Amino acid sequence: MSRDRREGLEIKVVDPPTSNVSAAQTSAGARGGRQRASFAEFRPFKLWFPWLVPAIVVSNIVLFAVSMFINDCPKNSQKCSARFLGRFAFQPMKENPLLGPSSTTLEKMGALEVTMVVDKHQVWRLFTCIWLHAGVFHVLANMLSLIFIGIRLEQEFGFVRIGLLYMISGFGGSLLSSLFNREGISVGASGALFGLLGAMLSELLTNWTIYANKFAALLTLIFIIAINLAVGILPHVDNFAHLGGFTSGFLLGFVFLIRPQYGYFNQRNNPRGYAAPSAKSKHKPYQYVLWITSLLLLIAGYTVGLIVLLRGTDLNKHCSWCHYLSCMPTSLWNCKSQNMYCKSSQIGKQMNLTCIANGRTEMYTLGNENQSQIQQMCSQLCS
């Protein structure tokens, strides 16, 4: 407290009546309550209830269980991991170290295989592959990442924007993967997840003025993205799907996740009769420029990519260094893919298989095996 003391001036303080004091306090309390209520009610960006991301998580887990049911390892393979699970037993660790179904089962369910897209025009595989996973470790890692990233985005921007962003980014990841990885199959939601990461980065940049700790948020996000992309140089990881999904999501963030200015909300919530000093536009000019540019780049990129893919062009042949983006060879691993082809010879019910890639040979006793089961035997022999 401070006390004001001036010469020649006498100040007398008289206690007001109790009733007036209580009335004044009540009035002031009511005004304060109304002000607090008005501030509490004012929320320029409302929060959405997140239901789509949890639904996507459940769908991916259910589809993985369905793929294991269809795989039926004890019936189709001689050796299985966790055979006590019965029909849901995993393929041998040498064939699938992620604890999951065979590549043949994933192919039947819609895995991305470039020859099927190009030769049989099964473009739908570019979408279906993002709902399939190669194993338990694969689906758990992707779904935990989706919960961590996706729920916050859905709360802030709603299920429509995040749903479109997820699907289009997943398609973009599949498209780039098809253009550079023409061997084997590809499954997983990694491209869509990287799309969400890319959208978070572009959302931070385009809504830069409304963030408090701008540079801390930017550095943290860039660090997370760099670590995840670095993991993609490991063998058997489809980094082109990561890069395609990230690029698509980064551009889509400028389209879907643009925020209006705070000044635009302030003038909308002014009291009646209050004249704003200057009317604020809903968006800044640079936001409009980024929106138009990103949309045009997306349309052009997807159109050209689909044309090149359906013409059967292998871009790896025209880019000598591009394979390093997908796998960086070191002394610990080899990036050369093994073609799982076998020579077979049969005498009665005895079939001899020889893997062309590693030269291993094994004799099998045949029952009622079909061509798909024989291909699985070959995959196990070559793994």
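**Exercise 1. Find which residues Leu146 touches, leaving out residues up to four places away in sequence.**

Solution. Contact means heavy atoms within 4.5 Å. With that rule, Leu146 touches Val53, Ile56, Val57, Ile151, Tyr166, Leu193 and Leu196.

A note before we go on: this is a predicted model, where local features need pLDDT of at least 70, side-chain atom pairs count only at pLDDT 80 or more, and totals for chains, interfaces and linings use all residues. Residues are numbered from 1 along each chain as its sequence is written, and side-chain values use heavy atoms, without hydrogens and water.

**Exercise 2. Work out where Leu146 stands in the largest nonpolar core.**

Solution. Start with the term: a nonpolar core is a set of buried (under 20% relative accessible area, 1.4 Å probe, protein chains only) Ala, Val, Leu, Ile, Met, Phe, Trp, Tyr and Cys residues joined through side-chain atoms within 4.5 Å. Next, look at the members: there are 51, and Leu146, Leu196 and Leu309 touch the most other members. Then ask which helix (a DSSP run of H or I, at least four residues, numbered from the N terminus) contributes most: H9 gives nine residues.

**Exercise 3. Decide whether Trp131 is buried, partly exposed or exposed, and describe its surroundings.**

Solution. First, locate Trp131: the loop between helix H6 (125-128) and H7. Second, apply the cut-offs: partly exposed lies between under 20% (buried) and over 50% (exposed). Trp131 has 21% relative accessibility, so Trp131 counts as partly exposed. Third, list its contacts, not counting residues up to four places away in sequence: Ile56, Ser59, Asn60, Leu63 and Met167.

Definitions and conventions. Helix = DSSP H or I, 4+ residues; strand = E, 2+ residues; numbered from the N terminus.
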